[in-house]
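Biologist: Please take a close look at the metal site of this model. I should like a connected account of how the site is built and what surrounds it.

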Amino acid sequence: MTATYEPDETQAAFDRIIERHDRIEPRDAMPEKYRATLVRQIAQHAHSEIIGMQPEGNWLTRAPSLRRKAILLAKVQDEAGHGLYLYSAAETLGVSRQELTEKLIAGTQKYSSIFNYPTLSYADVGTIGWLVDGAAICNQVPLCRTSYGPYGRSMIRICKEESFHQRQGYELLATMMRGTPAQQEMVQESVDRFWWPALMMFGPPDADSPNTEQSMAWGIKRDTNDELRQKFVDMSVPQAERLGVTLPDPDLRWNAERGHHDFGQPDWDEFMAVVKGGGPCSAQRIAHRRKAHEDGAWVREAASAYAAKERQP
Ligand SMILES: [Fe+2]
Ligand SMILES: [Fe+2]
């Protein structure tokens, strides 16, 4: 069907779909740059889900109770599922999961900078759920309406599961805040470490984000980085108050005129260094992923051999 279009007709058909806020599907013709942008974004998202299993997986064997262990295990398994939906969405654009995984472990494709920070206490499990999954929800809810069909549909289920992740994190922190002074301090220390990296999850300020405009014109992104960051801050402040923790930003205050909170800027030099692979755990995360990929080679070979055998008459 695509082959019968003249080039300008192909572009016009694509533009019409975007204009009426409809979805582009794998069968539709699309500009190469649109396809490449989506591959980059979906792959980065998929890698983040899979790498994101590591910081919390670190605490699975040391969960303080059976209940906490069951919750954390379910959450970490959900993240594996999110990675699978997203790799499948990327495959509809003509790239294989194998290819994307190889790019991840070669360091040529990125994942969210937040997962390059260490998890030093069990409170970090709560803080990650509350703030990191909370930031992910702010980023991902608008992506349910993204212009590429398979990506948008995968986000619907992911967002439902992310809500559970945020709830379990908040509930863990609330429980610790009702506990001993040592537990309360553990929560505050954890929030102090994760607040700024969580704000960085929305990407650089709009003025320094050259791809935002094109991504919004294509309907891939629905809100800018700064709009999403503001939404996250406004959402988190009352939750922090209810928990009884302080957010580590001296510039944070309600601005009645704007109807939003004013807040300080994260250290963008640190962000750039972490994005370029200089985060405290960057090398460890990639080494671990590479080893898991290599150790799993026999599973992939066995599955392919079995599928080939099944195909024989
Ligand atoms: Fe996830
Ligand atoms: Fe999550």
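Modeller: The iron ion (ligand 1) and the iron ion (ligand 2) lie 3.3 Å apart, with Glu79 coordinating both. This is a predicted model, and the values that follow should be read accordingly.

Around the iron ion (ligand 1), the protein donors are Glu49 (OE), Glu79 (OE), His82 (ND1) and Glu162 (OE), at 2.0 to 2.2 Å. The angles among these four donor atoms run from 84 to 144 degrees, and the site of the iron ion (ligand 1) is irregular. Along the sequence, the donor residues of the iron ion (ligand 1) show the spacing E-x29-E-x2-H-x79-E. Distant parts of the chain are linked here: Glu49 belongs to helix α2 (residues 32–51) and Glu162 to helix α7, and the pair is 113 residues apart. Glu49 counts as buried, because its relative accessibility is 6%, under the 20% limit for that class. Glu162 also counts as buried, at 2% relative accessibility.

The iron ion (ligand 2) is coordinated by Glu79 (OE), Asp133 (OD), Glu162 (OE) and His165 (ND1), with distances of 2.0 to 2.2 Å. Its four donor atoms subtend angles of 85 to 161 degrees, and the arrangement is therefore irregular. Four donors would count as tetrahedral only if all angles lay between 85 and 135 degrees. The donors of the iron ion (ligand 2) follow the pattern E-x53-D-x28-E-x2-H along the chain. Because Glu79 lies in helix α4 (residues 66–91) and His165 in helix α7 (residues 149–177), this pair ties together parts that are 86 residues apart in sequence. Glu79 is buried, with a relative accessible area of 5%, and His165 is buried with a value of 0%.

The pockets of the model give the wider setting. The largest pocket encloses about 1,400 Å³ of space. It is lined by 48 residues, of which Gln41, Gln44, Met201, Phe202 and Gly203 are the closest to its centre. Helices α2, α4, α6 (123–140), α7, α9 (212–217), α10 (225–243) and α11 (268–278) each supply at least two residues of this lining. Among these contributors are α2, α4 and α7; Glu49 lies in α2, while Glu79 is found in α4 and His165 in α7. By class, the lining of the largest pocket comprises 19 nonpolar, 17 polar and twelve charged residues.

The second largest pocket has a volume of about 440 Å³. Of its 20 lining residues, Ile50, Arg97, Arg289, Ala292 and His293 are the closest to the centre. At least two lining residues come from each of α2, α3 (53–57), α4, α5 (97–106), α12 (282–295) and α13 (297–311). Helices α2 and α4 thus contribute to the lining of the largest pocket and also to that of the second largest pocket. The lining of the second largest pocket divides into ten nonpolar, seven polar and three charged residues.

One backbone feature in the loop before α2 may be added. His21 is located in the loop between α1 (7–19) and α2. Although His21 is not a glycine, it has a positive phi of about 55 degrees. With a relative accessibility of 61%, His21 counts as exposed, whereas the iron donor His165 is buried.

Technical notes: Residues are numbered from 1 along each chain as its sequence is written. Chains are lettered from A and ligands numbered from 1 in the order in which they are written. This is a predicted model: local features need pLDDT of at least 70, side-chain atom pairs count only at pLDDT 80 or more; totals for chains, interfaces and linings use all residues. Side-chain values use heavy atoms; hydrogens and water are left out. Donors are N, O and S atoms within 2.8 Å of the metal (3.2 Å for Na, K and Ca); water is not among the atoms, so sites may look incomplete. Four donors count as tetrahedral if all angles lie between 85 and 135 degrees; four count as square planar and six as octahedral if opposite donors are over 155 degrees apart and all others between 65 and 115; anything else is irregular. Helices (H or I, at least four residues) and strands (E, at least two) are DSSP runs, numbered from the N terminus. Buried means under 20% relative accessible area, exposed over 50%, partly exposed in between (1.4 Å probe, protein chains only). On a 1 Å grid over the protein atoms alone, a cavity is a set of points where a 1.4 Å probe fits but cannot get out, and a pocket is an open set with protein on both sides within 12 Å along at least five of seven lines; lining residues have an atom within 4 Å of a point. Grid points are joined across faces, edges and corners, and a volume is the space filled by probe spheres set on the points. Ala, Val, Leu, Ile, Met, Phe, Trp, Tyr, Cys and Pro count as nonpolar, Asp, Glu, Lys and Arg as charged, and the others, Gly among them, as polar.
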